[in-house]
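Visitor: Please pick one part of this model and walk me through it slowly. I would like to see how its pieces sit together.

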Amino acid sequence: MITLNVNGQTHELDIPPDAPLLWVLREKLQLTGTKFGCGQSLCGACTVHVDGEATRSCVTAVSEVEGKKVVTVEGLVPRWMDPLKEAWLAEEVPQCGYCQPGQLMAAAALLVKNPEPSDAEIDAGMSGNICRCGTYPRIRKAIRRASRSAAEGRGV
């Protein structure tokens with residue numbers, strides 16, 4: 001039996017300890033916002049927060065997160081999601097949309113640690129989150145916009 005805290009709720013699950021967190025989130029808890037991309041921690045589509053750290057859920061065993069707080073895109077608090085979502089829409093970031101939950105989770109983790117990141121810090125913080133549509137310049141603009149919103153007291 002594995003006990004997981006996901007989005008503030010405790011779940012007792014009868015699953016193997018080496019089960020990938022991604023599949024437990026998607027199949028056992030029906031939290032399908034987290035996407036399967038490469039399955040090798042290379043693309044970032046599966047990014048979730050584990051105790052506030054951006055973590056690739058496709059290569060993380062559930063036993064590694066027992067006793068920790070897991071947050072998925074569904075559980076990202078409005079404090080972070082609202083300004084990021086507004087900025088994402090304003091900068092027209094989404095194209096196919098597949099990588100967007102992972103991109104948003106990585107951006108939120110970056111802004112928690114560094115509320116006013118430079119372009120280089122954004123690039124470093126978002127490295128490993130691949131967008132096959134190539135929206136990186138718009139993602140950078142959206143993160144800067146969300147950062148400004150926070151500095152002005154709106155949202156974040």
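Guide: Two strands count as paired if DSSP finds at least two bridges between them. Strands themselves are DSSP runs of E with at least two residues, while helices are runs of H or I with at least four, and both are numbered from the N terminus. Before we set off, note that this is a predicted model, where local features need pLDDT of at least 70, side-chain atom pairs count only at pLDDT 80 or more, and totals for chains, interfaces and linings use all residues. Residues are numbered from 1 along each chain as its sequence is written, and side-chain values use heavy atoms, leaving out hydrogens and water.

Let's start with strand β3 (47-50). β3 pairs with β4 (residues 53-56) in the antiparallel sense, over four bridges. Together β3 and β4 make a hairpin with two residues between them, and in that turn Asp51 has a positive phi of about 50 degrees. Now find His49, which stands opposite Ala54 in β4. His49 also stands opposite Val71, this time in β5. That second pairing, between β3 and β5, is antiparallel too and has two bridges.

What covers the two faces of β3? Here is a handy rule: in a regular strand the side chains alternate between the two faces of the sheet. In β3, Thr47 and His49 lie on one side, Val48 and Val50 on the other, and all four are buried, so both faces are covered. "Buried" here means under 20% relative accessible area, "exposed" means over 50%, and "partly exposed" is in between, using a 1.4 Å probe and protein chains only.

Next, look back to the beginning of the chain, at β1 (2-6) and β2 (9-13). These two strands run antiparallel and are joined by five bridges. One of the matched pairs is Asn5 with Thr10, its bridge partner in β2. β1 and β2 form a hairpin with two residues between the strands. Asn7 belongs to the loop between β1 and β2, and its phi is near 55 degrees, a positive value in a residue other than glycine. With a relative accessible area of 25%, Asn7 is partly exposed.

What packs against these strands? Helix α1 (residues 21-28) does so through its buried residues, Leu21, Leu22, Val24 and Leu25. Those residues pack against β1, β2, β3 and β5 (69-71), and also against helix α2 (62-65); contact here means heavy atoms within 4.5 Å. After α1 comes Gln30, which has a positive phi near 60 degrees.

Follow the chain onward and you reach the loop between α1 and β3, where Ser41 is found. Ser41 has a phi near 65 degrees, again positive in a residue other than glycine. At 29% relative accessibility, Ser41 counts as partly exposed.

Cysteines are worth a stop here as well. A disulfide is a covalent bond between the sulfur atoms of two cysteines. In this model, a disulfide is counted when a pair of cysteine sulfur atoms lies within 2.5 Å, and the structure holds zero of them. Take Cys38: its closest cysteine sulfur is in Cys43, 3.9 Å away, which is too far for a bond. Cys38 counts as partly exposed, at 29% relative accessibility. Cys46 is in no disulfide either, with the sulfur of Cys58 nearest to its own at 3.6 Å. At 3% relative accessibility, Cys46 counts as buried.

Finally, let's see how this part fits into the whole. In soluble globular proteins, nonpolar side chains tend to be buried together. A nonpolar core is a set of buried Ala, Val, Leu, Ile, Met, Phe, Trp, Tyr and Cys residues joined through side-chain atoms within 4.5 Å. The largest core in this model has 20 residues, and among those with the most contacts inside it are Leu84 and Trp88. The elements that give two or more residues to this core are α3 (78-90), α4 (100-113), α5 (119-126) and α6 (136-151). A second, separate core has 16 residues, including Ile2, Ala19, Leu29 and Val65. Of these, Ile2 brings us back to β1 and Val65 to α2, two of the elements that the buried residues of α1 pack against.
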